[in-house]
Amino acid sequence: MAEVAACKRIKTEKELGARPDGAAAVAAEEGRPDGEISAKINSEALLCRICPGPLKPPIFKCEAGHVLCSPCLEKLRLDGFALKLEIFCDLCCKTTSYRRCVELELLINAIKVPCSNQTYGCNESIRYHEKEKHESECTHAPCHCPETDCTFRGAICCLLEHFITAHGWSPTNFSYNKPLKVSVARDHCFTLLVGEDQSMFLLTNTLTGIGNALSMVCVRPHESGPNYSCNISAANSVVGGKAEGRLVFQKDPLVLSSSLSGGVRLGKFFLLVPPELADNPSGELTVHIRVDRLVA
């Protein structure tokens, strides 16, 4: 059975009225806050017996002490009402009544576990039943390198350093709501851009049989924080600040956010630049970009 290391917070001597004399000394010696102990708990003991999701307040128990979570109790009530039956406990095999299990709620709220992203810099201790929610929003969750055959994964700040030191990428710093001109080699997959708030973006370049497909992605663990829109355009040539000849343009109303765990995928919005728009003789694409930070 899977076991998880859990820190179970207990009441202090003042609250309980008694405690082993050496407990404070042991806690201090082991580097733990006074009043805390470390324990291993079978994770199945923390799950609802019906769902089975993690138990969290409010928790209920039948007359015999069998516990379940609030949503499951409500489902039992609805099923009983529909069948014109009283609430039934499947372990007792009889109808019963349920009441709050306050003592178990106190224990459940006291059990804390480290975030799975501890390796990447998260030092939070989270209530066990809140772990999934925390990790779905944790800013320390790892991001991945999109380069072929590179297995690097790390915190977003480490990924930026990795791009520079391991792959020799040169980041281009830019300001939001202002135009930016970049040159992109037709066979160069990624252009690294860093916004004024240190948000990291990749201009991805996918070579197809009919031209280059350009799109923007914001590299971060989750779709959280500020959102961005992006305009990308390319033209045959620019003379006196004006585009001459053919012009292609694409607006992305909401730039995709990605940890790049599955690599880089072409987004819903992308700019297809035909080969004739490449500069000669370099063969590079001159691309004009504007990233706007959206106001919530």
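Strands β8 (residues 111–114) and β9 (residues 125–127) pair in the antiparallel sense, with 3 bridges between them. The model in which this pairing occurs is predicted. Across the pair, lysine 112 stands opposite arginine 127 of β9. The side chains of β8 alternate along the strand. Ile111 and Val113 point to one face and are buried, whereas Lys112 and Pro114 point to the other face and are not buried.

The largest nonpolar core comprises 25 residues. Phe201, Met216, Ile289 and Val291 have the most contacts inside this core. At least two core residues come from each of β13 (179–185), β15 (200–208), β16 (211–219), β17 (228–239), β20 (271–273) and β21 (284–293). A second core, separate from the largest one, has 19 residues, among them Ile41, Phe60, Tyr98 and Tyr128.

The surroundings of phenylalanine 201 were examined with neighbours within four places in sequence left aside. On that basis, phenylalanine 201 is in contact with Phe174, Tyr176, Thr191, Leu192, Leu193, Gly195, Met216, Val217, Cys218, Tyr228, Val255 and Val291. Of these partners, Met216 and Val291 are also listed with Phe201 among the residues that have the most contacts inside the largest core.

Aromatic pairs number 7 in the model. Phenylalanine 174 and tyrosine 176 form one of them, with an edge-to-face arrangement, a centre-to-centre distance of 5.4 Å and an angle of 90° between the planes. Phenylalanine 174 counts as buried because its relative accessibility is 9%, under the 20% limit. Tyrosine 176 has a relative accessible area of 5% and is therefore buried. Another edge-to-face pair is formed by phenylalanine 201 and tyrosine 228, at 5.0 Å centre to centre and 85° between the planes. This pair links distant parts of the chain, with phenylalanine 201 in strand β15 and tyrosine 228 in strand β17, 27 residues apart. Both phenylalanine 201 and tyrosine 228 are buried. Through ring pairs, Phe174, Tyr176, Phe201 and Tyr228 are linked into a cluster.

Strand β14 (residues 190–194) is mostly covered, with 5 of its 5 residues buried. Phe190, Leu192 and Val194 point one way from the strand, and Thr191 and Leu193 point the other way. Residues on both sides of β14 are thus placed in buried positions. Strand β12 (residues 172–173) runs parallel to β14 and is joined to it by 2 bridges. In this pairing asparagine 173 stands opposite valine 194 of β14. The pairing of β14 with β15 is antiparallel and has 5 bridges. Here valine 194 stands opposite methionine 200 of β15. The hairpin of β14 and β15 has 5 residues between the strands, and glutamine 198 in this hairpin takes a positive phi near 70°.

Asparagine 205 is also found in strand β15. Asparagine 205 counts as buried because its relative accessibility is 6%, under the 20% limit. The side chain of asparagine 205 has a polar atom 3.2 Å from the backbone oxygen of alanine 185. The same side chain reaches the backbone oxygen of histidine 188 at 2.9 Å. With neighbours within four places in sequence left aside, asparagine 205 is in contact with Val184, Ala185, Arg186, Asp187, His188, Cys189, Asn212, Ala213 and Leu214.

Methods
Residues numbered from 1 in each chain as written. Predicted model: local features only at pLDDT ≥ 70, side-chain atom pairs only at ≥ 80, totals over all residues. Heavy atoms only, no water. Core = buried A, V, L, I, M, F, W, Y, C linked by side-chain atoms within 4.5 Å. Buried < 20%, exposed > 50% of the residue type's maximum accessible area, 1.4 Å probe, protein only. Helix = DSSP H or I, 4+ residues; strand = E, 2+ residues; numbered from the N terminus. Contact = heavy atoms within 4.5 Å. Pairing = 2+ DSSP bridges. Phe/Tyr/Trp six-rings, centres within 6.5 Å; stacked < 30°, edge-to-face > 60°. Polar contact = N/O pair within 3.5 Å; in protein donor to acceptor, adjacent residues only side chain to side chain.
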